[in-house]
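Hi there,

Here is the structure I promised to pass on to you. Have a look at it first, and my notes follow below.

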Amino acid sequence: MEMQLRSPVRWAACVQMLVGLGCDTFLEVGRNVPLMGMMRELAPQAKAGAVGTPTAVQEVAIEG
């Protein structure tokens, strides 16, 4: 736990790696959407969405 608190977040590197691997759709799960704005800056060509409830997650899973 201590290491997790002291280690840097490598969000940009992770997103770039995923895009490089061919990921083109990202889904943020939660009531707030703090990561979607960063996602749009890091990978503007990717599709990004957010869901805030368990029901919405299930609906996206069924559609996908």
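Let me begin with Asp24, which is partly exposed because its relative accessible area is 44%, between the 20% and 50% cut-offs. Please keep in mind that this is a predicted model. Asp24 sits in the loop that runs between helix 2 and strand 1. Leaving out residues up to four places away in sequence, Asp24 touches Ala46 and Lys47. Glu63 is 39 residues from Asp24 along the chain, and their C-alpha atoms are 16 Å apart.

Ala46 and Lys47 come up again with Phe26. Not counting neighbours within four places in sequence, Phe26 is in contact with Leu18, Val19, Met39, Ala46, Lys47, Ala48 and Gly49. Phe26 also belongs to the largest nonpolar core, a group of five residues that it forms with Val15, Met39, Ala43 and Ala46. As general background, nonpolar side chains tend to be buried together in soluble globular proteins.

Some nonpolar residues are on the surface, though. Leu27, Val29, Val57 and Val60 make a nonpolar surface patch of about 290 Å². Strand 1 (25-29) and helix 4 (54-63) are the elements that each give two or more residues to this patch. Val29 is found in strand 1, and with a relative accessible area of 57% Val29 counts as exposed, because the cut-off for that is over 50%.

Leu27, another member of the patch, can be set against Ala13. These two are 14 residues apart in sequence, and 17 Å lies between their C-alpha atoms. Ala13 is in helix 2 (residues 11-20) and is partly exposed, at 31% relative accessibility.

You may also wonder about the cysteines: how many disulfides does the structure hold? The number is zero. For Cys14, the closest cysteine sulfur is that of Cys23, and the distance of 11 Å is too far for a bond, since a disulfide needs the two sulfur atoms within 2.5 Å. Seen from the other side, the sulfur of Cys23 has its closest cysteine sulfur in Cys14, again at 11 Å. Both residues are partly exposed: Cys14 has a relative accessible area of 39%, and Cys23 has one of 33%.

If you open the model yourself, Phe26 is a good place to start, with Met39 and Ala46 among its contacts and also in its core. From there you could turn to the patch that includes Leu27 and Val29.

Happy to talk it over whenever suits you.

Best wishes

Note on methods
Residues numbered from 1 in each chain as written. Predicted model: local features only at pLDDT ≥ 70, side-chain atom pairs only at ≥ 80, totals over all residues. Heavy atoms only, no water. Core = buried A, V, L, I, M, F, W, Y, C linked by side-chain atoms within 4.5 Å. Buried < 20%, exposed > 50% of the residue type's maximum accessible area, 1.4 Å probe, protein only. Contact = heavy atoms within 4.5 Å. Patch = residues over 30% accessible without salt bridge, like charges linked within 9 Å, V, L, I, M, F, W, Y side chains within 5 Å. Areas by Shrake-Rupley, 256 points an atom, 1.4 Å probe, with all protein chains shown as cover. Salt bridge = Lys/Arg side-chain N within 4 Å of Asp/Glu carboxyl O. Helix = DSSP H or I, 4+ residues; strand = E, 2+ residues; numbered from the N terminus.
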